[in-house]
Amino acid sequence: MNFIDTHIHIDGEEFDEDRAEVIARARSAGASAIMVPAVDEKSVQKILSVCHEFPGYAFPMIGLHPEEVRNDYDQVLDRMEMLMSDEFVAIGEVGLDFYWSREFEKEQMEAFERQVQWACRTQLPLMIHCRKAQNEMVAILRRYRDSLPGGVFHCFTGNILEARQLLDFGNFVLGIGGVLTFKKSHLPEVVADIPINRIVLETDAPYMAPVPMRGKRNESAFIPYMVEKLALCYGITPEEVAEATTVNAKRIFACLR
């Protein structure tokens, strides 16, 4: 079984002690590539360094995470834009997050829109984080519908109506991770109504490890647990899930083709 982890923070300090071993386990489990999002300005150089350690396997993104947006976001984005190069395979992790606070709501929306413009200009896919802000996010994306290059709605945990609203953006897919396996998750019922050609696999590691690893540091080697659950949802084999989601990831990320 081969699969792709479309979202892992392998640059995080949680992996500083055993990053090479984590990558080795990922390869052994079947991960053929991993995609590494930035979250802020300072993370960019470390992400590049880590991806250089694993060329052709770990692929870097560049973006400002909504929870990192402050009053100075414009200056931060100016500096990040100067760091952009052909090495980056996507614009991410970007988006909106009003879960904890709306203190920087205006700034988040402006920062997200500017980074959507980056994606339209470069035709790099978007890796979008959205929490308690779907209506606002969709309104921004609709303004750029004709120019959007596609991307991933990362860590999708919504209902079927929310899924359909997102899938209306035809060149986007939904990122499905460990939440699918949680005991009280409604995602299995929702996923069954989502075409399998519209989902990709992700861990968001080190966060949200799947059952039976819940509570532990997540890593790409745990994706087979999600694959097994998806196979049950769709009534197909794990191998078919892995193959379909890999095709989807390659459609979104040109670097994987």
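**Exercise 1. Helix 4 and its surroundings**

Which helices and strands do the buried residues of helix 4 pack against? Work it out on this predicted model, starting from the helix itself.

*Solution.*
- Step 1: find the helix. Helix 4 covers residues 105-122, which makes 18 residues. From first C-alpha to last it reaches 26 Å, close to the 26 Å expected at 1.5 Å a residue.
- Step 2: pick out the buried positions. They are E107, Q108, A111, F112, E113, R114, Q115, V116, W118, A119 and C120.
- Step 3: see what those residues meet. Two helices come up, helix 3 (73-83) and helix 5 (134-142), along with strand 4 (90-97) and strand 5 (126-131).
- Step 4: look just past the end. Q123 follows helix 4 with a positive phi of about 60°.

**Exercise 2. A loop residue beside helix 4**

Take N71 and work out where it lies, whether it is buried or exposed, and which residues it touches.

*Solution.*
- Step 1: place it. N71 belongs to the loop between strand 3 (58-62) and helix 3.
- Step 2: check the surface. With a relative accessible area of 59%, N71 is exposed, because the cut-off for that class is over 50%.
- Step 3: list its partners. Leaving out residues up to four places away in sequence, N71 touches F104 and E107.
- Step 4: compare sequence and space. N71 and E107 are 36 residues apart along the chain, while their C-alpha atoms are separated by 6.8 Å. E107, remember, is one of the buried residues of helix 4.

**Exercise 3. Hunting for disulfides**

How many disulfides does a search of the whole structure find? Explain the result for C155 and C233.

*Solution.*
- Step 1: the search comes back with 0 disulfides.
- Step 2: try C155. Its nearest cysteine sulfur belongs to C130 and is 11 Å away, and C155 is in no disulfide. C155 is partly exposed, at 22% relative accessible area.
- Step 3: try C233. The closest cysteine sulfur is that of C155, and at 16 Å the gap is too far for a bond, because a disulfide needs sulfur atoms within 2.5 Å.
- Step 4: check the burial of C233. Its relative accessibility is 18%, so C233 counts as buried.

**Exercise 4. The phenylalanine cluster**

Which residues do ring pairs link into a cluster along with F153? Build the cluster one pair at a time.

*Solution.*
- Step 1: count. The whole structure has 5 aromatic pairs.
- Step 2: take F153 and F172. Their rings are stacked, 4.8 Å centre to centre with 25° between the planes. This pair links distant parts of the chain, since F153 is in strand 6 (residues 151-153) and F172, 19 residues away, is in strand 7 (residues 172-176).
- Step 3: check burial. F153 has 4% relative accessibility, so it counts as buried; F172, at 1%, is buried too.
- Step 4: add F169. F169 and F172 pair edge-to-face, 6.2 Å centre to centre with 70° between the planes. F169 is buried, as is F172.
- Step 5: join the pairs. F153, F169 and F172 end up in one cluster.

**Exercise 5. Charges over rings**

Over which ring does the charged end of R27 sit, and over which face does R214 lie?

*Solution.*
- Step 1: for R27, go to Y57. The charged end is 3.9 Å from the centre of that ring.
- Step 2: for R214, go to F182. Here the distance to the ring centre is 3.6 Å.

**Exercise 6. Two buried polar side chains**

Find the backbone oxygens that the side chains of T245 and Q134 reach.

*Solution.*
- Step 1: T245 sits in helix 9 (residues 238-252), and its 2% relative accessibility makes it buried.
- Step 2: the T245 side chain reaches the backbone oxygen of V241 at 2.8 Å and that of A242 at 3.2 Å.
- Step 3: beyond its neighbours within four places in sequence, T245 is in contact with I199, V200 and L201.
- Step 4: Q134 is in helix 5 and counts as buried at 14% relative accessibility.
- Step 5: a polar atom of the Q134 side chain lies 3.1 Å from the backbone oxygen of E162. Not counting residues up to four places away in sequence, Q134 touches E162, Q165 and L166.

Methods: Residues numbered from 1 in each chain as written. Predicted model: local features only at pLDDT ≥ 70, side-chain atom pairs only at ≥ 80, totals over all residues. Heavy atoms only, no water. Helix = DSSP H or I, 4+ residues; strand = E, 2+ residues; numbered from the N terminus. Expected span 1.5 Å × (residues − 1). Buried < 20%, exposed > 50% of the residue type's maximum accessible area, 1.4 Å probe, protein only. Contact = heavy atoms within 4.5 Å. Polar contact = N/O pair within 3.5 Å; in protein donor to acceptor, adjacent residues only side chain to side chain. Phe/Tyr/Trp six-rings, centres within 6.5 Å; stacked < 30°, edge-to-face > 60°. Lys NZ or Arg CZ within 6 Å of the ring centre and 35° of its normal.
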